[in-house]
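Colleague: I am new to reading models of proteins, and I would like to learn how to go from the picture to careful statements. Could we take it slowly, one feature at a time?

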Amino acid sequence: MNIIEFESKDQLGKEAAAIIARTMTAKPDAVLGLATGGTPIETYKELIQLHQANQLSFKQTKTINLDEYAGLNPEHENSYMTYMKRHLFDHIDLPHDQYFLPNGNAAHLEKECLRYDQLIEDVGGIDLQLLGIGQNGHIGFNEPGTPFNSKTHVVQLDENTRQANARYFSSIDEVPTHAITMGIASILSSKKILLLASGKSKAKVIQYLEQAEIHPDFPASALKLHEDVTVLIDREAGSLR
Ligand code: PGA
């Protein structure tokens with residue numbers, strides 16, 4: 001695991017976008033695994049700028065998102081589909097039938113998970129997976145205790161995670177209790193992994209990630225089993241190292 005520290009969140013976002021752009025240049029039909037949350041917003045802004053400057057096209061790209069809330073319509077203002085449209089998809093030339101998120105509103109969530117695993121297989125696997133990290137070490141919505149051999153599955157969200165995400169809703173009661181997430185095994189099957197962490201609230205988890213033994217109680221420790229993981233952090237997230 002290679003950890004690189006940057007002065008600011010903006011610089012981190014620029015570097016993350018540059019790594020993604022290099023992957024796309026080397027393989028124009030690359031499959032990108034994407035993440036939501038506060039952390040990747042600068043990265044997406046930078047990708048949009050590269051696209052607007054005619055330096056990057058997504059016409060042949062496919063994207064697969066990590067997770068989606070259960071029980072929210074994709075059109076809901078807090079769905080991850082809406083987030084992705086707002087922060088990336090609506091501003092680039094990625095065709096509408098080439099981005100994918102789990103459907104958290106599917107009638108049969110278990111079937112939806114199987115469909116999503118099949119989809120990942122059908123597109124030939126993920127070339128580059130972008131990840132954030134939760135304060136409890138979650139990746140995607142894989143909360144502590146998730147088996148490392150898990151594929152896409154339905155999860156009950158940790159209280160800590162619901163509280164962290166309540167900032168986007170009018171009250172904590174509105175934050176969904178469940179979600180669909182790619183599993184740890186799905187994440188580890190990506191060819192390359194890029195984890196981003198910024199801000200003071202991530203300092204402890206980054207310190208822990210470096211020292212942690214590989215154990216399901218700390219989901220991000222599974223990344224130590226992968227041979228191509230780059231972790232980009234800003235100075236605040238690195239302040240306890
Ligand atoms: P954040 O979320 O980017 O909003 O901090 C990351 C995560 O919980 O995985």
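**Reading loops and a ligand site**

Modeller: Let us begin with a loop, and keep in mind that this is a predicted model. Lysine 224 lies in the loop between α7 and β10.

Colleague: Is lysine 224 buried, partly exposed or exposed?

Modeller: The label depends on the relative accessible area, where buried means under 20%, exposed means over 50%, and partly exposed is in between. Lysine 224 has a relative accessible area of 29%, so it is partly exposed. In sequence lysine 224 and alanine 212 are 12 residues apart, and their C-alpha atoms are 9.5 Å apart in space.

Colleague: Which label does alanine 222 get, and where along the chain is it found?

Modeller: Alanine 222 is also placed in the loop between α7 (203–211) and β10 (229–234), but its relative accessible area is 0%, which means that it is buried. A separation along the chain can again be set beside one in space: alanine 222 and proline 40 are 182 residues apart along the chain, with 21 Å between their C-alpha atoms.

Colleague: What should I make of the phi of asparagine 54?

Modeller: The general idea is that most residues other than glycine have a negative phi. Asparagine 54 has a phi near 60 degrees, a positive value in a residue that is not glycine. This asparagine 54 belongs to the loop between α2 (41–52) and β3 (62–65), and its relative accessible area is 72%, so it counts as exposed.

Colleague: Now the ligand, please: where does the ligand sit, and which residues surround it?

Modeller: The ligand sits in the largest pocket, and around it are Gly37, Gly38, Thr39, Gly132, Ile133, Gly134, His138, Arg167 and Lys202. When this shell is sorted by residue class, one residue is nonpolar, six are polar and two are charged.

Colleague: Which polar atoms lie by the oxygen atoms of the ligand?

Modeller: For a polar contact one looks for a pair of N or O atoms within 3.5 Å. A polar backbone atom of glycine 38 is 2.8 Å from an oxygen atom of the ligand, while for threonine 39 a polar side-chain atom lies 2.4 Å from a ligand oxygen atom. In the side chain of lysine 202, an N or O atom is 2.5 Å from an oxygen atom of the ligand.

Colleague: And how much of the accessible area of the ligand does the protein cover?

Modeller: On its own the ligand has 280 Å² of accessible area, and the protein covers 81% of that.

Note on methods. Residues numbered from 1 in each chain as written. Predicted model: local features only at pLDDT ≥ 70, side-chain atom pairs only at ≥ 80, totals over all residues. Heavy atoms only, no water. Near = heavy atom within 4 Å. Polar contact = N/O pair within 3.5 Å; in protein donor to acceptor, adjacent residues only side chain to side chain. Areas by Shrake-Rupley, 256 points an atom, 1.4 Å probe, with all protein chains shown as cover. 1 Å grid on protein atoms, 1.4 Å probe; cavity = no way out; pocket = protein on both sides within 12 Å on 5 of 7 lines; lining within 4 Å. Sits in = over half its atoms within 2 Å of the grid points. Nonpolar A, V, L, I, M, F, W, Y, C, P; charged D, E, K, R; others polar. Helix = DSSP H or I, 4+ residues; strand = E, 2+ residues; numbered from the N terminus. Buried < 20%, exposed > 50% of the residue type's maximum accessible area, 1.4 Å probe, protein only.
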